[in-house]
Amino acid sequence: QVQVVESGGGLVQAGGSLRLSCAASGSIFSVNGMGWYRQAPGKQRELVATISNSGSTNYADSVKGRFTISRDNAKNTGNLQMNSLKPEDTAVYYCTARVVTIFETEHDYWGQGTQVTVSS
């Protein structure tokens, strides 16, 4: 089995910063893409940022220039540095990892989510 666990959410004032972390563990052979999604109340889950195992990144237009995604391939961990936060960034943030298991299967695994609340 594979587990993906996020941490680092919380309450912050507008203009502030938070750093989310994600760790994948278990029967992992390798982790290909990693990503962060978010879901605000009453809205669909949306892409925030992704990063490939070679380090190529992709960001939603709404977070470009404010958020930075990174990863440590050796540790199977990822981070999302969020700066200049806005109230509209308030959401549950989910980490996802595309994992190749030791059983030679590939799946997308999701964390349980971490709440980010930005007050105005």
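**View 1. Charged side chains across the predicted model.** This predicted model carries 10 positive and 9 negative side chains. Take the centre of each set, and the two centres sit 6 Å apart.

**View 2. The disulfide between C22 and C95.** Here the sulfur atoms of C22 and C95 come 2.0 Å apart and form a disulfide. That makes a count of one disulfide by the 2.5 Å cut-off. The bridge ties together distant parts of the chain, with C22 in strand β3 (residues 18–26) and C95 in strand β9 (residues 91–101). Along the sequence, the two cysteines are 73 residues apart. Turn about the S-S bond and you get a torsion of about -75 degrees, so this disulfide is left-handed.

**View 3. How covered the two cysteines are.** C22 has a relative accessible area of 2%, so it counts as buried. C95 comes in at 1% and is buried too. Zooming out to the 120 residues of the protein, 42% count as buried.

**View 4. The strands and how the chain packs.** You'll find eleven strands and zero helices here, so the pattern along the sequence is simply β-β-β-β-β-β-β-β-β-β-β. Looking at contacts between residues at least 6 apart in sequence, 57% join residues at least 24 apart.

**View 5. Overall dimensions and surface.** Along the principal axes, the C-alpha atoms fill a box of roughly 45 × 25 × 20 Å. The radius of gyration is 14 Å, which agrees with the value near 14 Å for a compact globule with 120 residues. About 6,300 Å² of the protein is exposed, and carbon and sulfur atoms supply 48% of that area.

Notes. Residues are numbered from 1 along each chain as its sequence is written. This is a predicted model: local features need pLDDT of at least 70, side-chain atom pairs count only at pLDDT 80 or more; totals for chains, interfaces and linings use all residues. Side-chain values use heavy atoms; hydrogens and water are left out. Helices (H or I, at least four residues) and strands (E, at least two) are DSSP runs, numbered from the N terminus. Buried means under 20% relative accessible area, exposed over 50%, partly exposed in between (1.4 Å probe, protein chains only). The radius of gyration is taken over C-alpha atoms; the globule rule is 2.2 Å times the number of residues to the power 0.38. Contact means heavy atoms within 4.5 Å. Accessible areas come from the Shrake-Rupley method with a 1.4 Å probe; for residues, only the protein chains shown count as cover. Lys and Arg count as positive and Asp and Glu as negative; His and the chain ends are not counted. The place of a charge is taken as NZ of Lys, CZ of Arg, CG of Asp or CD of Glu.
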